[in-house]
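Me: I am in my first year of study and would like a close look at a single part of a protein model. Please begin with one residue and then move outward to its surroundings.

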Amino acid sequence: MRTKPLHAFFVVISIALWCAQAVAQHVDRAFVNGKIWTEDDARPQAQAMAVSGDKIVAVGTNEEIKALTAADTAIVDLQGRLVVPGFQDSHLHFPGLSVNEIDLHGVETLKDFQQHLADFAKAHPSLPWITGHGWGYSAFPKQTVDKKYIDAVIPDRPVYVAERDGHMGLANSKALQIAGITGATPDPPNGHIMKGESGEPTGEFKEAAQDLIGSHIPQRSNDDLYESLLQHMEEAAAAGLTSVQDAYTELDTLPVFERAAAANALKLRFRFAPPILPKEGGAPTEHKLEKSLVEADLTRYRELRDTFQGTLLKFGSIKGFLDGTVDARTAAMFEPYVGGGTGIPFWEQDDLNKTVALYDKEGFQVLLHAIGDKAINMALNAFEYAAKTNGTTGRRHRVEHAEVPRLSDLPRFKQLGVIASTQAMFANPDATVLENFAPLLGPARASHADSFRIFDEAGIVQAFGSDWGVFPFEPLPAIYCVVTRMTPEGTPQGGWYPKGRISVEAALRHYTRDGAYASFDEDVRGTLAAGKLADFVVLSSDILTIPPADILKTKVLLTVMGGKDTYRDKNFR
Ligand SMILES: [Zn+2]
């Protein structure tokens, strides 16, 4: 038989090639004695891993990996610690809060709110405007905000601070005066200027009405944006993040990312999603797609996609908003909120269908913010329309947040290959969730709101994110949250609608492999396997086996992105 010697010949050749490759891939670092949680079905767990340049060259037993090392290979003894793929946050907002803005997250009382503002104003005497965000309604008497609360501490400078969701904000009297807003100012399309019984504005602005104030706030400088980017990347790396999906990219911030890339200062891989907007105002009476506007955007987005194809900065998605939030009663619902109103759908279905189909045809992935059941339904309708019209599959379009889906819509996600881009910390049952969010929905809808299990059970790819700067981006406390559905303080006992809990394994998958899939990167990262990018995290405890409460005490010891340490705990050698 001629095949035998030929076969032997190929074996010799392939061994030679393999050796040549192994020699070419000098192992820079070998991580041994670990519990390597790979997310790779072919080898779910391993002891050791070899890294060369920006890639993983091998995953295996201690012996297998040690056999690949050279004399100058750095050996890192993991001492039994857990290693997981680098976390991907599939929905957040960079460059994030300015170093010159006030952060009001965690402010729980009116007194706190006022003290923070007063201190910040004193510390920043030359800022012409005081801006920031992060407050929640639960800090205010009767959950009601008013400009008088800011006027009492800052009467002489304009102030505008956004609520933590960013869908509304509170101005003081000076800001209203500068913007020329009075009781006679009408609501803009898709927004509300809240007014008191006397008809005077209260200082609260919802949705698009925020622009009435925003257009008077001085723009952030590029240096300010750059400083913010660097600072927040550092914080993200310390939290174990290696990749992020920016969920609404304002293109004028792009030079800041390019500057960081040129300076070799990127600590995260970014995927961007610039906006798509409804036809002016999105008024339901206007049906026609404004071709010129969309096509101008499309041309620009195509150019960006062609330009940014690397593993660090990448385009290919676009983002639209279909509704607001439950807390502001602007999430679009089929049935009224408890207390009335069904929210504001920002798009008319026909306009949405055509716009989504246009981008789908061009190969873009479409991200649609949809929180209420009506908005989620509209998003799915549009994805279905695009698939039918263009005959496309595999676009991996995404519903962002998907907080209150109609249960009968869940199978459509899987049928259409739509990803649920959910936010783990949204299920944190704090005062706002228990006293505002859940009561507004009523028990029937609240019982499956932010229930990540329903997506898993329906076989839907679920990518976890944070929606930072709305919520913190640290994945470990968020994993605790989805596993317990309790606050860090352990309330409510037994968890908030505990049926929605998921396992640590599932949460890890949503933060790693599913995230990579959601950004079309599963061939290069998201799992720990030979040939993949060396993006991974070493944790201080094995979160797969410890009691859930201990996940909160677990630390990120080392974050590696592309083979380079982007964070190292001082106690990790
Ligand atoms: Zn967002």
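In which helix does F437 lie?

Reply: The structure shown is a predicted model. Within it, F437 lies in helix α13, which runs over residues 431-441.

The first point to settle is whether F437 faces the outside. A residue counts as buried when its relative accessible area is under 20%. F437 has 4% relative accessibility, so it counts as buried.

A buried side chain has neighbours, and some of them may come from distant parts of the sequence. When the neighbours within four places in sequence are set aside, F437 is in contact with V326, D327, E403, T432, A449, D450 and W496. The chain also brings T325 into this region: F437 and T325 are 112 residues apart along the chain, yet 9.3 Å separates their C-alpha atoms.

Helix α13 also takes part in a pocket. The second largest pocket has a volume of about 580 Å³. It is lined by 23 residues, of which G106, E108, R164, N428 and D430 are the closest to its centre. Two elements, β10 and α13, give two or more residues to this lining. Sorted by class, the lining holds ten nonpolar, eight polar and five charged residues.

The strand β10 leads from this pocket to another helix. Strand β10 covers residues 130-135, and the buried residues of helix α3 pack against it. These buried residues also pack against β9 (102-103), α4 (147-151), β11 (159-163) and β12 (168-171).

Helix α3 itself can be examined in two steps, its length and then its sides. It has 14 residues, from 110 to 123, and at 1.5 Å a residue it should span 20 Å; the C-alpha atoms at its ends are 20 Å apart, which agrees with that expectation. As for its sides, the buried residues of α3 are L110, F113, Q114, L117, F120 and A121. They lie on the same side of the helix, because the arc they cover around the axis is only 135°. A general rule helps in reading such a pattern: an α-helix has 3.6 residues a turn, so residues three or four places apart point the same way. On the other side of α3, the exposed residues are K111, K122 and A123.

Strand β9, one of the packing partners of α3, is also one end of a loop with a feature in its backbone. The loop between β8 (87-92) and β9 contains P95. The peptide bond that joins F94 and P95 is cis, with omega about 0°.

A second cis peptide bond joins T491 and P492, and there omega is about -15°. P492 has its place in the loop between α16 (475-484) and α17 (504-511). Helix α17 is largely enclosed by the rest of the structure, since six of its eight residues are buried. Those buried residues are V504, A506, A507, L508, H510 and Y511.

Enclosed space can be looked for as well as enclosed residues. Rolling a probe the size of a water molecule over the atoms shows where empty space is left. In the whole structure, a search finds one cavity of 30 Å³ or more. The largest cavity has a volume of about 40 Å³, and its lining consists of G86, Q88, T242, S243, T512, R525, G526 and D535. By class, this lining has no nonpolar residues, six polar ones and two charged ones.

Two further loop residues show a backbone angle worth noting. N264, which is not a glycine, has a positive phi of about 60°. It lies in the loop between α8 (254-262) and β16 (269-271), and N264 is exposed, with a relative accessible area of 59%. R396 is likewise a residue other than glycine with a positive phi, here near 55°. R396 belongs to the loop between α11 (373-390) and β20 (398-401). At 13% relative accessibility, R396 counts as buried.

A last residue offers practice in reading such a description. T566 has its place in strand β25, residues 564-568. Its relative accessibility is 10%, so T566 counts as buried. Apart from neighbours within four places in sequence, T566 is in contact with A237, K267, T559, V560 and M561.

To return to the starting point, F437 is a buried residue of helix α13, and α13 contributes two or more residues to the lining of the second largest pocket.

Methods:
Residues are numbered from 1 along each chain as its sequence is written. This is a predicted model: local features need pLDDT of at least 70, side-chain atom pairs count only at pLDDT 80 or more; totals for chains, interfaces and linings use all residues. Side-chain values use heavy atoms; hydrogens and water are left out. Helices (H or I, at least four residues) and strands (E, at least two) are DSSP runs, numbered from the N terminus. The expected span of a helix is 1.5 Å times one less than its number of residues. Buried means under 20% relative accessible area, exposed over 50%, partly exposed in between (1.4 Å probe, protein chains only). The arc is that of the directions from the helix axis to the C-beta atoms. Contact means heavy atoms within 4.5 Å. On a 1 Å grid over the protein atoms alone, a cavity is a set of points where a 1.4 Å probe fits but cannot get out, and a pocket is an open set with protein on both sides within 12 Å along at least five of seven lines; lining residues have an atom within 4 Å of a point. Grid points are joined across faces, edges and corners, and a volume is the space filled by probe spheres set on the points. Ala, Val, Leu, Ile, Met, Phe, Trp, Tyr, Cys and Pro count as nonpolar, Asp, Glu, Lys and Arg as charged, and the others, Gly among them, as polar.
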